[in-house]
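These are my notebook entries on a structure I went through by interface, core and backbone. I record what I looked up and what I found.

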Amino acid sequence: MSAELYHRAIVETAKETAEAARLPAPDVTVEEDNPLCGDRIVLDLLFRDGRVAAVGHKTRGCLLTRAAAAVLARRVPGCAASDLFRAIASLQDLLEGRDGSPSWPELAMFAPVRAVKSRHECVLLPFRALERALASVPPAAERKP
Amino acid sequence: MSDGGRGTQRAATRAGLDVAGLRGEFPIFAAMGPRFHYLDNAATGQICRAAAETLVDFETRARANVKRGVYRLADEATRAFEEARARIAGYLGAREAREVVITSGTTHALNLAAHTLCARLHPGDEILLTCAEHHSNIVPWQLAGRRAGAVIRAVPLAEDGRLDLDRLEALVSRRTKVVAATHCSNVTGALTDIGRLAEAARAVGAVLVVDGAQRAPHGPLDVQALGCDLYAFSGHKVFAATGAGALWIRGELADELPPFMGGGEMIRRVTLEASTFAPPPHRFEAGTPPIGPALALGAAVAWLAGLDWPAIHAHEQRLLERLLEGLRTIRGLRLLGPADTRARAPLVSFLVEGVHPHDVCQLLDAFGVCTRGGHHCAQPLHEALGAEASVRASIALYNDDADIDALLAGLEEVVRRLA
């Protein structure tokens, strides 16, 4: 069970975070910690026309956290907040074993994590940051052209 | 009520240590089978048969509240509870059983200590901690310090990863009212020279509080010889049940200290306007205590006290050496804290270069090896050691060569797959 978490897709996707960078002038920045291990993501979002125009992040974490951050960074640009809330919910459903397919097909790589409750927070950390960022974005920033 | 503290001493004889026999006194090993290498003893120890049987016996055949009822069952429960207190006092080397307060564990004990000692603090007073503390010996003092206007100071680490006690002279002054320190780091295993801290505290009239959670599983103590004033430890780390621990408070000091929590059993008289309080230890035991776990703790320490500790220490040290030697051969592995076996408990924390501690522990689980990854509730110490988190392997009396070898083989695989 433990070894199954570390399949090729997770290991390869996690490597993408090495190239990640912060945004120079984001509309919103949040920091989210995993209190169990001190892992941390700093997430920046920039909005245009009600959608995320760009995402930046700096992620310090395990393979699961980094792979999740990489998927998020890949998928978030171009999305409206409502799309993102749906994606977050679909990831939670996946981890909790509820019916339905994830909003983004690559989230399925985290299916083996379902069996290891103590690692759910590792996958969710970047998405918790995203949730907080979306909740704290100033309305004017979201509407700006 | 069965007496789990007697009749189970066959595991460690004076002729030498029978590790297989010792393992036989821990039901989990038969339940889990041979591919179970438990090296997370610093988080919790496995329950010994003496404690497990005592707990089940009380809860299923002898359960009643303590200190209240006059019927036979309640009277026997009270007698057993006070006997457990006496056994804990014996394990700690306390002068009297009344110096032992039953708590839910070390965290409760240290919060009790901080809260009751807070009444003696004034603005500008200082509380001296060390940077090697578990959060449960930091946060309660921060809360107490904030209430009293007292300032927190801390003993730093020296180059070798041990506490730099040469700095004591500069850190302790007449303003220092409390010194609170771990007896043994839960990250590096380094033992603290409590005698030196006691001398420094005594010189300025400060109270010395010791967190003994990591030292208590490694044999009986002598709190009087240590020279401290309060000593806290947890039952679940000394092979008893979860839910009970103890705080030893030097008798004369306990008499002077105010209660922590209010409620039943800790009073002399209550009116609607005011209350007067029972003498220690009951003053500090509001409400129904964790009776079953306390009895199990009594049974565990009575069993432990009868073991051959020189043989167990030699066994634990040999395993520690085997572990340290093996870790040194693994590519990209960095030990945190002291690298030698001098004055340390058998626990080791380390980093595998390029691999997150949680990923290391997850893959080790595939080898049946149980280790802990994270900051181990010691973020300031990790910061001082230049790490965010680490992998910790901690040894107890029942571990053997196979446990160490399984860990080392697992680590080789971690490096091969993820580093």
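**Entry 1: the two domains of chain B**

I began with the interface of domain 1 and domain 2 of chain B, where the rule finds one salt bridge. I note at the outset that this is a predicted model. I then looked up the partners and recorded Asp340(B) and Arg162(B), whose side chains meet in a salt bridge at 3.0 Å, N to O.

I checked the bounds next. The domain assignment of chain B places domain 1 at 61-305 and domain 2 at 308-418. Between their C-alpha centres I noted a separation of 29 Å.

For the extent of the interface, I recorded 25 residues of domain 1 of chain B in contact with 31 residues of domain 2 of chain B. The area buried between these two domains is about 2,200 Å², and carbon and sulfur atoms give 63% of this area. I asked which residues in domain 1 of chain B lose the most area to domain 2 of chain B. They are Arg162(B), Val187(B) and His218(B), which together account for 30% of what that side buries. Arg162(B) thus appears twice in this entry, in the salt bridge with Asp340(B) and among the residues of domain 1 that lose the most area. I also entered 16 residue pairs in polar contact across this domain interface, both residues of each pair being at pLDDT 80 or more.

**Entry 2: the nonpolar cores**

I looked up the largest nonpolar core and found 82 residues in it. The residues with the most contacts inside this core are Ile88(B), Leu92(B), Leu208(B), Tyr231(B), Leu304(B) and Leu397(B). Helix 11 of chain B, residues 291-305, gives the most to this core, with 10 residues. I noted that the core draws at least three residues from each of domain 1 and domain 2 of chain B.

I then took Leu92(B) and listed what it touches, leaving out residues up to four places away in sequence. The list is Val100(B), Leu221(B), Asp222(B), Val223(B), Tyr231(B), Phe233(B) and Trp248(B).

I also recorded a second, separate core of 76 residues. It includes Val52(A) and Ala69(A) from chain A, and Leu363(B) and Leu411(B) from chain B.

**Entry 3: chain B against chain A**

I turned to the contact between the chains and found 14 residues of chain B in contact with 17 residues of chain A. The area buried between the chains is about 1,300 Å², with 52% given by carbon and sulfur atoms.

How many salt bridges are there between chain B and chain A? I counted two. I looked up Glu388(B) and Arg60(A), and their side chains meet in a salt bridge at 3.3 Å, N to O. I also entered nine residue pairs in polar contact across the interface of chain B and chain A, both residues of each pair at pLDDT 80 or more.

On the side of chain B that touches chain A, helix 13 (357-365) and helix 15 (401-418) each supply at least two residues. Helix 13 of chain B gives the largest share of that side, with five residues.

**Entry 4: Cys48(B)**

I located Cys48(B) in the loop between strand 3 (37-38) and helix 3 (49-61) of chain B. Is this residue, Cys48(B), buried or exposed? It counts as buried, because its relative accessibility is 1% and the cut-off for buried is under 20%.

Not counting residues up to four places away in sequence, Cys48(B) touches Glu25(B), Phe26(B), Pro27(B), Phe239(B), Ala300(B) and Trp303(B). I also compared Cys48(B) with Ala241(B): they are 193 residues apart in sequence and 8.8 Å apart in space, C-alpha to C-alpha.

**Entry 5: backbone details**

I found a cis peptide bond joining Pro280(B) and Pro281(B), with omega about 5°. Pro281(B) is in the loop between strand 12 (275-277) and helix 11 of chain B.

I next looked up positive phi values in residues other than glycine. Asp49(A) has phi near 50° and lies in the loop between strand 2 (39-48) and strand 3 (51-60) of chain A. Asp49(A) is exposed, with a relative accessible area of 57%.

Lys67(B), also not a glycine, has a positive phi of about 70°. I located Lys67(B) in the loop between helix 3 and helix 4 (72-92) of chain B. Lys67(B) is partly exposed, at 22% relative accessible area.

Notes:
Residues are numbered from 1 along each chain as its sequence is written. Chains are lettered from A and ligands numbered from 1 in the order in which they are written. Side-chain values use heavy atoms; hydrogens and water are left out. A nonpolar core is a set of buried Ala, Val, Leu, Ile, Met, Phe, Trp, Tyr and Cys residues joined through side-chain atoms within 4.5 Å. Buried means under 20% relative accessible area, exposed over 50%, partly exposed in between (1.4 Å probe, protein chains only). Helices (H or I, at least four residues) and strands (E, at least two) are DSSP runs, numbered from the N terminus. Domain bounds come from an automatic or database domain assignment. Contact means heavy atoms within 4.5 Å. Buried area is the accessible area (1.4 Å probe) that two parts lose on being put together, summed over both. A salt bridge is a side-chain nitrogen of Lys or Arg within 4 Å of a carboxyl oxygen of Asp or Glu. A polar contact is a pair of N or O atoms within 3.5 Å; within protein, one must be able to donate a hydrogen and the other to accept it, and residues adjacent in sequence count only if both atoms are side-chain atoms.
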